[in-house]
Amino acid sequence: MTERRSPTIRRRRLGAELRRRREAAGVTIETVAERLECSASKISRIETGHTSATPRDVRDMLGIYGVSLDESDELVQIAREARQKGWWHPYSTVLTGAYVGLEQAANSVRAYEQQVVPGLLQTEEYAKAMIRAARPDITADEVERRVRVRLNRQSLLTQDDPIDLWVVLDEAVLSRPVGGDAVMRAQLSRLVEAAELPNVTLQVLPFEAGAHAGMDGTFAILDFPEAGDPDVVYAENATGGLFLEKSEELRKYVFIFDHIRAAALRPEESAAVIAKLAKEPLWKSRSRGWT
């Protein structure tokens, strides 16, 4: 779990490079598909990183584009790496989209969460309770597999080359006792511990902030160490989420995140608030006030 290279990011990088080479050669997707005797949709999915390309496909495509042998060899090697299996491959039946593979290669993640603690910071019991509630249609085995993925992902925070994580949590996340009193108190304590890590910044956006820039929903901004791997925004929803990669979309979400973090409590204040809530939870006082 210490290896940060990800076949997902290699596939994405390869697709972008193949598209750039095709456009530079003035060749259409339809022409490539005809030469390779495949569908145009296959070429399109390779270029967007949604489908792996075989080394032979890559070599044939680059031949069409007039790319030199040395350059072809480099990209063919990337194609081989992109076809390797990530640690999460055995859990592919319970994963939707490419988020875990992208997160594995990310340099940093900036996230805003409205309803739940983000997966990288969840305790096992919190994760189980949240998944069961959010997905009442899945089996107990699927719940366990999803939890295993979530816990495995957390090594990104403590390995030799850890990811930088900056999370702004809406106060609602801290106010809802997912899994009950004991589970939620343990989760809040886990957040306090995580906030002490040098690569984790945690802020709370209090109800008192009122209307704010993030009211359209939860999202995460992932950036990568290699210049050839553009940042991506993941906007989550019930069917798995949406990946946004256009420059204007990225600028918009960076703008939104900057406004959210400016409206939130400072990290040290946030840690103190969470520690206090672990001892005196809001749901306890609120339930007394409503009875």
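The paragraphs below lead through a predicted model of one protein chain, beginning with its overall make-up and then turning to particular helices, charged pairs and single residues.

The chain contains 13 helices and 6 strands, and its C-alpha trace spans about 75 × 40 × 35 Å along the principal axes. Of the 291 residues in the chain, 48% are buried. The accessible surface of the chain comes to about 14900 Å², and carbon and sulfur atoms account for 50% of that surface. When contacts between residues at least 6 apart in sequence are considered, 75% of them join residues at least 24 apart.

A convenient place to start is the N-terminal part of the sequence, with the pairing of two helices. Two packed helices are described by the angle between their axes and the distance between the axes. For helix α1, which covers residues 7–25, and helix α5, which covers residues 69–82, the axes come within 8 Å and cross at roughly 145°, and the crossing of α1 and α5 is left-handed. On the α1 side the contact is made by Pro7, Arg10, Arg11, Leu14, Glu17 and Arg21, which meet Glu71, Leu75, Ile78, Ala79, Glu81 and Ala82 in α5. The residues of this contact divide into 6 nonpolar and 6 charged, with no polar ones.

Moving along the chain, the loop between α2 (29–36) and α3 holds Glu37, a residue whose backbone can be inspected for its phi angle. Glu37 has a positive phi of about 55°, although it is not a glycine. With a relative accessible area of 74%, Glu37 is exposed.

Charged pairs are the next feature to follow. Side chains of opposite charge can pair when their charged atoms come close. A search of the whole structure finds 20 salt bridges, and one of them joins Asp57 to Lys42, with the closest N and O atoms 3.1 Å apart. Because Asp57 lies in helix α4 (residues 55–64) and Lys42 in helix α3 (residues 40–47), this pair ties together parts that are 15 residues apart in sequence. The two partners can also be compared by their exposure: Asp57 is buried, at 14% relative accessible area, whereas Lys42, at 30% relative accessibility, counts as partly exposed.

A second salt bridge is found further along, where the side chains of Arg148 and Glu124 meet at 3.5 Å, N to O. This pair links distant parts of the chain, with Arg148 in helix α8 (residues 140–153) and Glu124 in helix α7 (residues 124–134), 24 residues apart. Arg148 counts as partly exposed at 29% relative accessibility, and Glu124 is partly exposed as well, with a relative accessible area of 30%.

A further salt bridge is formed by Arg266 and Glu269, whose closest N and O atoms are 3.8 Å apart. Arg266 is partly exposed at 49% relative accessibility, and Glu269 is partly exposed with a relative accessible area of 31%. Elsewhere in the chain, salt bridges that share partners join Glu124, Glu125, Lys128, Glu144 and Arg148 into one network.

Helix α7 also has a buried side to consider. In α7, the residues Tyr126, Ala127, Lys128, Ala129, Met130 and Ile131 are buried, and the buried residues of α7 pack against α8 and against α10 (181–195). Lys128 therefore appears both among the buried residues of α7 and in the network of salt bridges.

Two single residues complete the tour. Ile163 is placed in the loop between α8 and β2 (164–170), and its relative accessible area of 0% makes it buried. The C-alpha atoms of Ile163 and Ala106 are separated by 6.9 Å, while the two residues are 57 residues apart along the chain. Glu171, in turn, has its place in helix α9 (residues 171–175). A value under 20% is what defines a buried residue, so Glu171, at 13% relative accessibility, counts as buried. Leaving aside residues up to four places away in sequence, Glu171 touches Val204, Leu205, Pro206, Phe207, Glu208 and Leu282.

How values were computed:
Residues numbered from 1 in each chain as written. Predicted model: local features only at pLDDT ≥ 70, side-chain atom pairs only at ≥ 80, totals over all residues. Heavy atoms only, no water. Axes fitted to C-alpha atoms, helices over the stretch in contact; angles between N-to-C directions. Helix = DSSP H or I, 4+ residues; strand = E, 2+ residues; numbered from the N terminus. Left-handed = near helix turned anticlockwise from the far one by under 90°. Contact = heavy atoms within 4.5 Å. Nonpolar A, V, L, I, M, F, W, Y, C, P; charged D, E, K, R; others polar. Salt bridge = Lys/Arg side-chain N within 4 Å of Asp/Glu carboxyl O. Buried < 20%, exposed > 50% of the residue type's maximum accessible area, 1.4 Å probe, protein only. Areas by Shrake-Rupley, 256 points an atom, 1.4 Å probe, with all protein chains shown as cover.
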